[in-house]
Amino acid sequence: MRFSHDVIVIGGGSAGLTTAGGCGRLGLRTALIERARMGGECLNSGCVPSKALLAAAARAQSMRDAGRVGIQPVAPVVVWAEVRAHLARVQAAIAPHDGRERFEAWGVEVIAGEASFTGHRTIRIGERALSAPRIVVATGSRPRIPPIDGLAEVPFLTNETLWDLAVLPDHLVILGAGPVGIEMAQAFRRLGSAVTLVGQVPPLAREDRDAASLLLACLAAEGVTLRFDATVTAARAVTNAVMLTLADGSVVRGSHLLVATGRVADLDALDLLQAGVEVGPDGIVVDAGRRTSNPAVMALGDCRAGPRLTHAAGEDGAIAVARIGFGLRSRVQTNVPRVIYTEPELAQLGPTEADARGRHAEVRVIRQELGDNDRALTAHSAGGFGKLILVRGRLVGITLVGEHAGELMLPWVMLMGRRTSLWGLSGAVVPYPTRSEISKALAFAAYEDRLFGRHARWWAGLLAWLRRGLAAHSESTAR
Ligand SMILES: Cc1cc2nc3c(=O)[nH]c(=O)nc-3n(C[C@H](O)[C@H](O)[C@H](O)COP(=O)(O)OP(=O)(O)OC[C@H]3O[C@@H](n4cnc5c(N)ncnc54)[C@H](O)[C@@H]3O)c2cc1C
Ligand SMILES: NC(=O)c1ccc[n+]([C@@H]2O[C@H](COP(=O)([O-])OP(=O)(O)OC[C@H]3O[C@@H](n4cnc5c(N)ncnc54)[C@H](O)[C@@H]3O)[C@@H](O)[C@H]2O)c1
């Protein structure tokens, strides 16, 4: 069989772009197929617009909170059309990184269209047939819409339509309190909408309990109405409003409804049966090297079972390049950090305290408060803490919650990947005052017992005794 390409990548989001860019730069004949916009979800309807919206919301909030630092607070005037223009500017600034021209300059053939399999190593896009010994599926995910009575007839929003809203919602009801629901609840509340967040018990189920409570208390303090007490049984559209009926008979009413109840892998167009690729309940089934049941096909990013995050999609792409380009059998890292970008931010790496206690009999937890961090105090943003989770002396997890907590993750990611040590971090000279000091303080606290413990005190005592003797001796010989 003569192949048209060395590698075909389906999907131009974070996973597909990383793979196609790497393979193209290695000189492989690479095709990248994208049916919609280059950049995929992250740039067009995910991370980028949501973080840009949170940035605008944080500015609005800082105007209300200015009294904390001695400046007269003012009520922000939010001009929704201008906020949308800010989102568009941010997207336009990032778009060239993901643009067709950049990839073509690396030798990638970028093809606009929808791909589907016709065999184990063959695909088609409209009338065009392509083939390659390696095919990478990176088709992402779409919103999961729960089977709630009447929901299909309600004009609800998702992350795909939220950014095109013509007006700022008077009252945004958000269904689902995962990262999307939580981030958008804070953003829209700070921009001036009334917000009701309807979720399941326990809210932020995967997160550290103390961190989740702190974050939810902050949302409530800013005026977000939290409803985690009853499931939604029905949804109805009424004149200029949307109504959710809960199992306890109560009704939540708002001007707009955002459904943020998770994701499903986007596989419908692919005809994976033709390729012999196995699909499970959470997406394409893959091993730790992101290989599917068809040895010629890899599946990366949101379309496979596993973490649905841009940096995880990027790591999948790097592994694909290592395998396809160099024949390396790399595997993905087991611990992927995640951050919820609210104020305070909630950052997690590895298991939470509760997860670790469920798995291990002996768990040691070290906690430091941001209230003890001078930089956080100077900025009046001292709410939050750091928690190390150790099992038999080995670091297995870390939770950081506080303003900019996500920015503090790098040393911990290095540490868990065994690229540095807890001991090394405990002795690092960290600029003062920075929030990074909390990382050093946490690492130092892991050794504090030993540094000031029985053996250390014995050794220091022995040295002091010897020194006293020597000093007394030299005094007496000098006289
Ligand atoms: C509101 C929101 C905020 C988020 N914020 C963050 C965040 O802050 N940090 C973070 O790490 N993650 C975040 N995420 C998750 C992140 O966006 C995704 O994990 C990431 O974009 C997935 O990348 P991907 O390449 O797997 O898929 P995608 O980016 O979805 O790309 C898949 C591409 O494949 C194309 N495609 C699909 N089928 C075909 C086909 N048959 N033929 C051709 N093309 C096809 C699609 O058009 C799409 O462009 C957020 C998600 C949402 C919804
Ligand atoms: N900061 C970030 O890194 C970030 C931000 C946004 C999204 N993301 C990623 O995007 C993906 C989607 O996020 P998401 O928040 O939509 O999904 P999610 O699966 O993380 O959370 C969905 C939430 O909806 C709730 N839910 C489901 N059905 C419900 C129902 N019928 N009624 C009430 N609640 C219901 C679930 O209990 C869950 O809490 C995730 O993989 C996430 O990791 C990441």
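**Note on the annotated positions, the ligand shell and the parallel sheet**

1. In an unreviewed entry, UniProt lists K51, T139, G140, S141 and D302 under "binding site", the positions being given in the numbering used here and annotations possibly inferred rather than shown by experiment. These residues are spread over 252 residues of sequence and also in space, up to 22.5 Å between C-alpha atoms.

2. This is a predicted model, in which local features need pLDDT of at least 70, side-chain atom pairs count only at pLDDT 80 or more, and totals for chains, interfaces and linings use all residues. Residues are numbered from 1 along each chain as its sequence is written, while chains are lettered from A and ligands numbered from 1 in the order in which they are written.

3. T139 is found in the loop between β7 and β8 (141-143), strands being DSSP E runs of at least two residues, numbered from the N terminus. T139 counts as buried because it has 31 C-beta neighbours inside 10 Å, the cut-off being 20 or more other C-beta atoms within 10 Å of its own, with C-beta atoms placed from the backbone.

4. G140 lies in the loop between β7 and β8 and counts as buried, with 26 C-beta neighbours inside 10 Å. Leaving out residues up to four places away in sequence, G140 touches residues including G11, G13, G40, G301 and D302 (C-beta atoms, placed from the backbone, within 7 Å).

5. Five strands form an open sheet with parallel pairing, in the order β3-β2-β1-β7-β19, where pairing requires at least two DSSP bridges between two strands. The edge strands, each pairing on one side only, are β3 (108-112) and β19 (297-299).

Methods
Helix = DSSP H or I, 4+ residues; strand = E, 2+ residues; numbered from the N terminus. Buried ≥ 20, exposed ≤ 12 C-beta atoms within 10 Å, placed from the backbone. Contact = placed C-beta atoms within 7 Å.
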